[in-house]
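User: I am new to this structure and would like to know what lies behind the labels people put on it. Could you take me through them?

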Amino acid sequence: MTPHARLWMGPAGVAGLEAASLVIGFLTQTYLMRTLGAAGYGQCVLAVAISLGLGTLTDFGFNYAATRQAVHWAEDPIARHRLYWSVIATKVCIGTSALFIVALLPQATDLLPATATAIAGAIAFPTWYLLARHLLLQMAGALLAARAAMLLMITVFVAGPADVVIASVLNCAAPLAALVLVMGHRELRPMLRPRRVHRAEIAETFRLGLSTAWITTMPALGSALVQTLIGTLGSHATLGQYAAADKIRAGIQGLFTALGQALFPIIVARQRAGTSAARLPTLLLAMATIAALPLTMIPKVMVTFVAGEGFGEAAEALRVMSLAVIGSTAATAFGTLGLVARQQDAAFARAVTVGLLVQAGGLVALVPAFGAVGAAWALVIASAATLLAMAPALRRP
């Protein structure tokens with residue numbers, strides 16, 4: 001197989017494996033919605049959103065900054081080994097700090113198990129390194145198998161609203177389970193040799209991750225903020241209705257986010273070689289537009305199939321969210337694959353910040369009057385604001 005073919009098999013395979021993960025995710029959320037009910041499911045979603053948000057904070061931008069650096073060091077295994085352990089040490093510092101803060105919060109007892117699980121997975125699972133070494137199929141396959149295992153455990157251990165905490169933990173545990181499946185790969189084995197990391201290296205690696213930290217952490221932390229605002233401005237039932245629709249949207253959106261992440265090292269390598277990859281973002285956006293059509297045309301059928309009865313408001317919210325699928329994919333296509341690949345990190349960070357602030361304002365204005373549907377419109381408006389904010393940077397050569 002030629003290197004070119006090997007390079008492109010990754011995104012193609014990831015698309016298939018992410019589609020399978022989409023099915024697993026739908027089955028998992030369907031079971032939880034039906035088992036926990038709207039209020040219990042809302043509590044679970046809130047805990048998972050906060051936990052995954054802090055897990056993403058622990059990742060601290062390394063899935064882009066460290067991936068980009070490792071691509072440049074493709075022929076230097078010693079430098080990559082140093083970077084590998086520097087990233088882990090830096091993540092340990094960030095994750096431990098985040099876990100300490102959570103322990104100080106009210107009702108921390110319900111949050112700590114899921115939060116600790118998500119942070120441990122973010123520290124241990126080397127997404128950035130697998131991306132840089134074009135091990136996309138192995139990564140996606142391991143995560144798929146882990147999600148399937150977590151689904152099986154959820155069906156065994158989650159039987160009702162009293163099991164919200166264990167449901168939250170298992171929702172966050174897939175990266176830890178997937179680590180067992182990838183750590184024996186010949187590309188990863190040399191990196192697993194322990195190495196002492198000095199404080200100066202942690203500081204240097206922190207600065208490396210800081211360049212893209214806002215880009216990766218703000219959407220996840222924003223998701224936690226959004227769930228909290230909806231639950232506060234509405235109720236747990238309102239949050240459950242919104243989350244039922246958003247899980248379907250996020251499942252479809254996740255396919256294109258994963259594709260964008262898989263294409264990122266390819267675009268970086270092409271730009272390093274001086275070749276164009278201008279068509280890839282447009283192709284990704286076209287695919288997302290097609291995928292959004294069922295959300296517009298048959299939202300009630302999709303919500304009833306996934307969540308069962310009692311989620312009528314979620315169907316209307318899902319119809320609105322079809323626009324957010326297109327807008328969020330456009331942000332990935334033109335932001336991550338455009339601005340970040342060209343090292344215009346600050347421009348994309350500013351755009352994401354604008355989008356988050358607009359969404360928070362939209363939630364405050366719309367959720368009290370329109371509930372889950374208002375929250376969905378806030379998401380759409382935020383996606384549009386993000387695209388408008390990055391437009392000036394996109395026009396620059």
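Analyst: Gladly! A residue is called buried when its relative accessible area is under 20%. Please keep in mind that this is a predicted model. By that cut-off, 9 of the 11 residues of helix H2 (residues 62–72) are buried, and the helix is mostly covered.

User: Which residues in H2 are buried?

Analyst: They are Phe62, Asn63, Tyr64, Ala65, Ala66, Thr67, Arg68, Ala70 and Val71.

User: Why is glutamine 253 called buried?

Analyst: Its relative accessible area is 6%. Buried means under 20%, so glutamine 253 gets that label. You will find glutamine 253 in helix H10 (residues 236–273).

User: What makes the pairing of glutamine 253 and threonine 329 a polar contact?

Analyst: The two side chains come to 3.0 Å of each other. The limit for a pair of N or O atoms is 3.5 Å, so the pair qualifies as a polar contact. Beyond neighbours within four places in sequence, glutamine 253 is in contact with Ala324, Val325, Ser328 and Thr329.

User: Is leucine 192 buried, exposed or partly exposed?

Analyst: Leucine 192 is partly exposed, with 29% relative accessibility. That label covers the range between buried, under 20%, and exposed, over 50%, and 29% therefore fits it. Leucine 192 sits in the loop between helix H8 (174–182) and helix H9 (199–233). Setting aside neighbours within four places in sequence, its contacts are Tyr84, Trp85 and Met183.

User: How far is leucine 192 from histidine 81?

Analyst: Their C-alpha atoms are 8.3 Å apart, while 111 residues separate them along the chain. Histidine 81 belongs to helix H3 (residues 77–103). At 12% relative accessibility, histidine 81 is under the 20% cut-off and so counts as buried. Apart from neighbours within four places in sequence, histidine 81 touches Pro190, Met191, Arg193 and Arg195.

User: How many disulfides are there?

Analyst: The search of the whole structure gives 0. Take cysteine 44: the nearest cysteine sulfur belongs to cysteine 172 and is 8.2 Å away. A disulfide needs the two sulfur atoms within 2.5 Å, so cysteine 44 is in no disulfide. Cysteine 172 is likewise in none, with the sulfur of cysteine 44 as its nearest at 8.2 Å.

User: Are those cysteines buried or exposed?

Analyst: Cysteine 44 is buried at 2% relative accessibility. Cysteine 172 is buried as well, at 3%.

User: How do you know that aspartate 59 and lysine 91 form a salt bridge?

Analyst: Their closest N and O atoms are 2.9 Å apart. The limit is 4 Å, so this counts as a salt bridge. The pair links distant parts of the chain: aspartate 59 is in helix H1 (residues 3–59) and lysine 91 in helix H3, 32 residues apart. Both aspartate 59 and lysine 91 are buried.

User: What makes glutamate 187 and arginine 133 a salt bridge?

Analyst: Here the closest N and O atoms are 3.1 Å apart, and the limit of 4 Å is therefore met. Glutamate 187 is in the loop between H8 and H9, whereas arginine 133 is in the loop between helix H5 (127–132) and H6, 54 residues apart. Arginine 133 has a relative accessible area of 14%, so it is called buried under the 20% cut-off.

User: Why are glutamate 316 and arginine 319 separated by about one helical turn?

Analyst: Because they are 3 residues apart in helix H13 (residues 312–340). They also form a salt bridge, with closest N and O atoms 3.9 Å apart. Glutamate 316 is partly exposed at 42%, and arginine 319 is partly exposed at 35%. In the whole structure, the search finds 5 salt bridges.

User: Which residues make the nonpolar surface patch?

Analyst: Leu152, Met153, Val156, Phe157 and Ile166 make it, covering about 460 Å². Helix H6 (residues 136–157) gives the most, with 4 residues.

User: What makes isoleucine 166 accessible enough for a patch?

Analyst: A patch residue needs over 30% relative accessible area, and isoleucine 166 has 33%, so it passes that cut-off. With that value isoleucine 166 is labelled partly exposed. Isoleucine 166 lies in helix H7 (residues 164–172).

Terms used: Residues numbered from 1 in each chain as written. Predicted model: local features only at pLDDT ≥ 70, side-chain atom pairs only at ≥ 80, totals over all residues. Heavy atoms only, no water. Helix = DSSP H or I, 4+ residues; strand = E, 2+ residues; numbered from the N terminus. Buried < 20%, exposed > 50% of the residue type's maximum accessible area, 1.4 Å probe, protein only. Polar contact = N/O pair within 3.5 Å; in protein donor to acceptor, adjacent residues only side chain to side chain. Contact = heavy atoms within 4.5 Å. Patch = residues over 30% accessible without salt bridge, like charges linked within 9 Å, V, L, I, M, F, W, Y side chains within 5 Å. Areas by Shrake-Rupley, 256 points an atom, 1.4 Å probe, with all protein chains shown as cover. Salt bridge = Lys/Arg side-chain N within 4 Å of Asp/Glu carboxyl O.
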